[in-house]
Amino acid sequence: MTTSSSDYLIESLKSEQGLPINTGSQKVHPKRMAGRFRTLKWWTASLWLIFFLGPYLRWNEQQAILLDIPARQFRFFNLAIFPQDVWILTFVLLFFVMLLILLTAVAGRVFCGFFCFQTVWTDLYMWIEERLEGPPRRRQQLDQAPWNAEKLLRKTVKHALWLMIAALTGVSFAAWFTDAHHLWQAYFSLQAHPAAWMVLAMFTAGTYLFAGFMREQVCFWLCPYARIQGVMYGENTALPVYDAQRGEPRQKLGAVKNQTNRGACVDCDLCVAVCPTGIDIRDGQQIGCITCGLCIDACDHVMGKLDQPKGLVSYKSLNSMRTGQGKPFYKTPLAMTAGLSLVALLLIIISSISHISEFSISVYHHRQPEFIKLSDGAIRNRYQLKIQNKTDRAVGYQLSIIGPSEIKNQGRVHFMLEPGEAISRTVLLDALDIAHLAEINAISFRLLNDKGAEKMFQTVFIGPPEKTGGVWDD
Ligand code: SF4
Ligand code: SF4
């Protein structure tokens, strides 16, 4: 295998610091062991089922959640979000950013270890690999063995399954943006929109490459979050750590020398064998640690077998390592700030969503010119009226204009709008008796829907300047 210049640089650093650095030159085949963090990992990973199954949820005979970009509408059950309400999504995104900051400040890179699509998909791919090629040692042997019918069969089935999952990931992503059932039909009949094919191709290639081949290298060298997480860590951030005081000097089981001065670590390397990023937690916290806790499961298992107290490797903060008792996470400034921001953002989101109305009206008063004089002496103002039905049903509306009695065209108008339909109309208002008309007259456009809900839009009717005594001066 050739060594790149970056590998060369890393190799030099490695020898200076005495730390092994995973540059991907050797494939990591982690051992799979049962334990509480492994169970937790399955539970958190199973949340991704929402991604695969969500698009098939129906509501009122429609797709319950649909990000319909061509119709410029995001639908969440009964709620329809139109471009003018998209600002709410900014708060939703901000909420998740703050949640990530809080999680990192409290427990490090747990998002990576338990929920990130890269680690979840990689874990699933490795599970398939283990079912088909056996435990780590057998997998390594198979990789090195010459090609024969058995190897060809096992590898072909594995890659076919990987590709199927990758393609399903692509279809599932596209299904959030268009009707899921029609999408499948379109793919199978080769009639899908070019954008749908592009999404499928990108996700299939990306998932297959990242989860099948690059694996932990993405966490080490590509992920931007891995680079910035350090600034969110504090002395009270709980991370998987090895208790060197208790564990050292490590010694293999059965070694008789220094029996009186031996640490609890029996140097079985099980904590390294299970690590999905191939690092040795006994060397201290490292950038590649995704805080998945699998090394804790492994070491607890060993300690249990040896009748020793568990926790030689455990989640601990620097403070609790030093003093024996850490500060509760919610008392740290970063966690408090992030926690309060989360509460504030949640309140804003709930309040904004509860105030999204079922229809909208806006009126633009043309100002060039502000008014015109008609041949019969009347004054005319011009308005641009926009009304949108923000529901998924056809709705009847009643529009009326409220203002000084001098202004004509104030009758009621009834009309229907289709689901999501928006109309834009020019409205002309004339005032005949201008002798008593003020220069600026407040008027309102009043819109009622078929349920009696009302919206008012305040604007003005501009009359002749007052200096002319209310009479239009040519
Ligand atoms: S060192 Fe432990 S917690 Fe960190 S990635 Fe490896 S197994 Fe997970
Ligand atoms: S699993 Fe525990 S006992 Fe075994 S090498 Fe790791 S820290 Fe030492």
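## Close-up views of a predicted model

**View 1. Pairing at Ser400 and Arg446 in the four-stranded sheet.** Ser400 has Arg446 of strand 14 as its bridge partner, and Arg446 in turn has Met456 as its bridge partner in strand 15. All of these views show a predicted model, and the pairings described in them are computed from its atoms. Leu399 is likewise bridged to strand 14, where its partner is Leu447. Strand 11, residues 395-402, and strand 14, residues 440-449, run antiparallel and are joined by six bridges, while strand 14 and strand 15, also antiparallel, are joined by nine bridges.

**View 2. The open sheet to which strand 14 belongs, and its hairpin.** Four strands in the order 12-11-14-15 make up this open sheet, with antiparallel pairing. Strand 12 (413-417) and strand 15 (454-462) are the edge strands, and because each has a single partner strand, one side of each is left without a neighbour in the sheet. Averaged over the sheet and with direction ignored, neighbouring strands are turned by 25 degrees against each other. The hairpin formed by strand 14 and strand 15 has four residues between the strands, and in this hairpin Gly452 adopts a positive phi near 90 degrees.

**View 3. The three-stranded open sheet.** Strands in the order 3-4-5 form a second open sheet in these views, and here too the pairing is antiparallel. Strand 3 (65-68) and strand 5 (79-81) are the edge strands, each of them pairing on one side only. Neighbouring strands of this sheet are turned against each other by 10 degrees on average, direction ignored. Strand 4, which covers residues 73-76, pairs with strand 5 in the antiparallel sense over three bridges, and in this part of the model Phe76 stands opposite Leu79 of strand 5.

**View 4. The surroundings of Arg58.** Arg58 lies in strand 1, which consists of residues 58-59. Is Arg58 buried or exposed? Arg58 counts as exposed, because it has 11 C-beta neighbours inside 10 Å and the limit for an exposed residue is 12 or fewer. When neighbours within four places in sequence are left aside, Arg58 is in contact with Gln63 and Ala64. Phe77 is 19 residues from Arg58 in sequence, and the C-alpha atoms of the two residues are 8.4 Å apart in space.

**View 5. Helix 4 and what covers its buried residues.** Helix 4, residues 87-107, contains 21 residues and reaches 31 Å from its first C-alpha to its last, which is close to the 30 Å expected at 1.5 Å a residue. Its buried residues are Met98, Ile101, Leu102, Thr104, Ala105, Val106 and Ala107. The cover over these buried residues includes helix 5 (110-114), strand 7 and helix 17 (333-354). Gly108 follows helix 4 and has a positive phi, near 65 degrees.

**View 6. Strand 6 and strand 7.** Strand 7, residues 313-316, also appears in the cover of helix 4, and is joined to strand 6 by four bridges, the two strands running antiparallel. Val241 has Ser314 of strand 7 as its bridge partner. Strand 6, residues 239-242, is covered on both faces, with Leu239 and Val241 buried on one side and Pro240 and Tyr242 buried on the other.

**View 7. The shell around ligand 1.** Pro240, which is one of the buried residues of strand 6, is also among the residues that come nearest to ligand 1, together with Cys275, Cys289, Cys292 and Cys295. The shell around ligand 1 has 14 residues in total, and by class these are eleven nonpolar, three polar and no charged residues.

**View 8. The shell around ligand 2.** Ligand 2 is surrounded by 15 residues, of which Cys265, Cys268, Leu270, Cys271 and Cys299 are the closest. Which helices each supply at least two residues of this shell? They are helix 14 (270-273) and helix 15 (294-305), and helix 15 provides the largest share, three residues. By class, the shell around ligand 2 divides into eleven nonpolar, one polar and three charged residues.

Methods
Residues are numbered from 1 along each chain as its sequence is written. Chains are lettered from A and ligands numbered from 1 in the order in which they are written. This is a predicted model: local features need pLDDT of at least 70, side-chain atom pairs count only at pLDDT 80 or more; totals for chains, interfaces and linings use all residues. Two strands pair if DSSP finds at least two bridges between them. Axes are lines fitted to C-alpha atoms, for helices over the stretch in contact, and angles run from 0 to 180 degrees between N-to-C directions. A residue is buried if 20 or more other C-beta atoms lie within 10 Å of its own, exposed if 12 or fewer, and partly exposed in between; C-beta atoms are placed from the backbone. A residue is near a molecule or strand if its C-beta atom, placed from the backbone, lies within 6 Å of it. Ala, Val, Leu, Ile, Met, Phe, Trp, Tyr, Cys and Pro count as nonpolar, Asp, Glu, Lys and Arg as charged, and the others, Gly among them, as polar. The expected span of a helix is 1.5 Å times one less than its number of residues. Two residues are in contact if their C-beta atoms, placed from the backbone, lie within 7 Å.
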